[in-house]
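Biologist: Please show me the model, and let us then discuss it step by step.

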Amino acid sequence: MNYDLQLKMKENPLYKKYLRENSIWYKKLIRNPNLFDEFKEEMRAAYKLRPSDKVDRALDAFQLISNLLSSMV
């Protein structure tokens with residue numbers, strides 16, 4: 001893994017955590033550092049950090065509040 005990629009991994013604890021949980025990425029990133037964007041997207045999908053996941057969580061929270069309020073009335 002090149003030095004720039006190592007610095008990116010050290011800066012973000014989620015990158016390190018995902019890399020440790022999915023060790024196949026060590027091999028992929030050592031062989032082709034250009035796969036870092038693919039690594040980031042897979043990490044975001046796994047930890048549900050994508051914008052669509054955030055919207056889904058907000059809608060779920062809104063629906064829960066709505067159901068609680070409707071059951072109280």
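The questions and answers below concern a predicted model.

Biologist: How many salt bridges does the structure hold?

Modeller: One salt bridge joins aspartate 37 to lysine 40, and another joins arginine 44 to glutamate 41. Arginine 50 also forms a salt bridge, with aspartate 53. The number of salt bridges in the structure is 3.

Biologist: How far apart are the closest N and O atoms of aspartate 37 and lysine 40?

Modeller: Both residues belong to helix H4, which covers residues 36–46. Because aspartate 37 and lysine 40 are 3 residues apart in this helix, about one helical turn separates them. A salt bridge requires the nitrogen and the oxygen to be within 4 Å. The closest N and O atoms of this pair satisfy that limit, at 3.9 Å.

Biologist: Is glutamate 41, the partner of arginine 44, buried, partly exposed or exposed?

Modeller: Arginine 44 and glutamate 41 are 3 residues apart in helix H4, so they too lie about one helical turn from each other. Their closest N and O atoms are 3.2 Å apart. Arginine 44 has a relative accessible area of 29% and is partly exposed. Glutamate 41 has a relative accessibility of 42%, and therefore counts as partly exposed.

Biologist: Which residue of the salt bridge between arginine 50 and aspartate 53 is buried?

Modeller: The closest N and O atoms of this pair are 3.1 Å apart. Arginine 50, with a relative accessible area of 31%, is partly exposed. Buried means under 20% relative accessible area. At 10%, the buried residue is therefore aspartate 53.

Biologist: Which residues of the largest nonpolar core does phenylalanine 39 touch?

Modeller: In soluble globular proteins, nonpolar side chains tend to be buried together. The largest nonpolar core here has 10 residues, among them Leu5, Phe36, Phe39 and Met43. Helix H1 (3–11), helix H2 (13–21), helix H3 (24–31) and H4 each supply at least two of its residues. Leaving aside residues up to four places away in sequence, phenylalanine 39 touches Met9, Tyr15, Tyr18, Leu19, Trp25 and Leu29.

Biologist: Are H1 and H2 roughly parallel or roughly perpendicular to each other?

Modeller: Two packed helices are described by the angle between their axes and the distance between the axes. H1 and H2 pack with their axes 5 Å apart, at an angle of about 105°. Angles of 65 to 115 degrees count as roughly perpendicular. The relation of H1 to H2 is therefore roughly perpendicular.

Biologist: How many residues in the contact of H1 with H2 are charged?

Modeller: H1 contributes Lys8, Met9, Lys10 and Glu11, while H2 contributes Pro13, Tyr15, Lys16 and Leu19. Of these residues, 4 are nonpolar and no residue is polar. The number of charged residues is 4.

Key: Residues numbered from 1 in each chain as written. Predicted model: local features only at pLDDT ≥ 70, side-chain atom pairs only at ≥ 80, totals over all residues. Heavy atoms only, no water. Salt bridge = Lys/Arg side-chain N within 4 Å of Asp/Glu carboxyl O. Helix = DSSP H or I, 4+ residues; strand = E, 2+ residues; numbered from the N terminus. Buried < 20%, exposed > 50% of the residue type's maximum accessible area, 1.4 Å probe, protein only. Core = buried A, V, L, I, M, F, W, Y, C linked by side-chain atoms within 4.5 Å. Contact = heavy atoms within 4.5 Å. Axes fitted to C-alpha atoms, helices over the stretch in contact; angles between N-to-C directions. Parallel < 35°, antiparallel > 145°, perpendicular 65-115°, else oblique. Nonpolar A, V, L, I, M, F, W, Y, C, P; charged D, E, K, R; others polar.
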